[in-house]
Amino acid sequence: MDFAVWGGLTPASIPHLREMHEAGAVSFKCFMSGGGNDFQAPTLNQIRDAMRMIAEFGGLAGFHCEDFSIISEERERVRAEKQDGRQAFLDSRPVVAEVLAVQNIIT
C-alpha cells in the first residue's frame, strides 16, 4: 500500500504548518468554504500568510476552491425553495463560486 499524510490548513493549524511538515505531512488541505467537522475555513489573508510559510520550507498546499459567500447564500436559497436531492446540492454550488475561489488562490 502506498499512502501519504496531508495536514489540515485551518486557522488553528497555521502556526503549526512547519511542525506538521517536519512530522511527514506531504501537503496541506484547505477548504475555502469550510469542510465541516474540524476544517474551519481560513480567511483569504490567513491563506496568504500560510502560503508564505509553506513556501519557506518548500511545502505544498491543496485547495478545495469554493467561494463561501456564494455557497452559503445559494444554499439558503435552495433551502427556502424547499429543493432537495442531488440537483439542489449542485444548484447551491454554481460554477462561479469555484471560478472566483480559484482566481483568489492564483492571485
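**Reasoning through a predicted model**

Colleague: Leaving aside neighbours within four places in sequence, which residues is Asp67 in contact with?

Modeller: In this model, which is predicted, Asp67 is in contact with Ala97 and Ala101 once those neighbours are set aside. Asp67 itself is found in the loop between strand 3 (61-64) and helix 3 (68-80).

Colleague: How do you know whether Asp67 has a salt bridge or not?

Modeller: The nearest side chain of opposite charge is that of Arg75, 11 Å away, whereas a salt bridge needs a side-chain nitrogen of Lys or Arg within 4 Å of a carboxyl oxygen. Set against that cut-off, Asp67 has no salt bridge, although it is buried.

Colleague: What makes the pairing of Asp67 with the backbone nitrogen of Ile70 a polar contact?

Modeller: A polar atom of the Asp67 side chain lies 3.1 Å from the backbone nitrogen of Ile70, and the limit for such a pair of N or O atoms is 3.5 Å, so the distance falls within the rule.

Colleague: Why is Cys65 not counted as bonded to Cys30?

Modeller: The sulfur of Cys65 is 8.3 Å from the closest cysteine sulfur, which belongs to Cys30, and because a disulfide requires two cysteine sulfur atoms within 2.5 Å, that separation is too far for a bond. By this rule the protein has 0 disulfides, and Cys30, whose nearest cysteine sulfur is that of Cys65, is in none.

Colleague: Are these cysteines buried or exposed, and how do you know?

Modeller: The threshold for buried is under 20% relative accessible area; Cys30, at 0%, therefore counts as buried, and Cys65, at 15%, likewise counts as buried. For the protein as a whole, 32% of the 107 residues count as buried.

Colleague: Which residues have the most contacts inside the largest nonpolar core, and which elements give two or more residues to it?

Modeller: The largest nonpolar core has 15 residues, and those with the most contacts inside it are Leu9, Leu17, Phe28, Met32 and Phe63. Strand 2 (27-31), helix 2 (44-56) and helix 5 (95-106) each give two or more residues to this core, the largest share, 3 residues, coming from helix 2.

Colleague: What does Phe63 touch, not counting residues up to four places away in sequence?

Modeller: With those residues left out, Phe63 touches Cys30, Met32, Ile47, Met51 and Ile105.

Colleague: In what order do the elements of the protein run?

Modeller: From the N terminus on, the order is β-α-β-α-β-α-α-α, which comes to 5 helices and 3 strands.

Note on methods:
Residues numbered from 1 in each chain as written. Predicted model: local features only at pLDDT ≥ 70, side-chain atom pairs only at ≥ 80, totals over all residues. Heavy atoms only, no water. Core = buried A, V, L, I, M, F, W, Y, C linked by side-chain atoms within 4.5 Å. Buried < 20%, exposed > 50% of the residue type's maximum accessible area, 1.4 Å probe, protein only. Helix = DSSP H or I, 4+ residues; strand = E, 2+ residues; numbered from the N terminus. Contact = heavy atoms within 4.5 Å. Lys, Arg positive; Asp, Glu negative; His and termini not counted. Polar contact = N/O pair within 3.5 Å; in protein donor to acceptor, adjacent residues only side chain to side chain.
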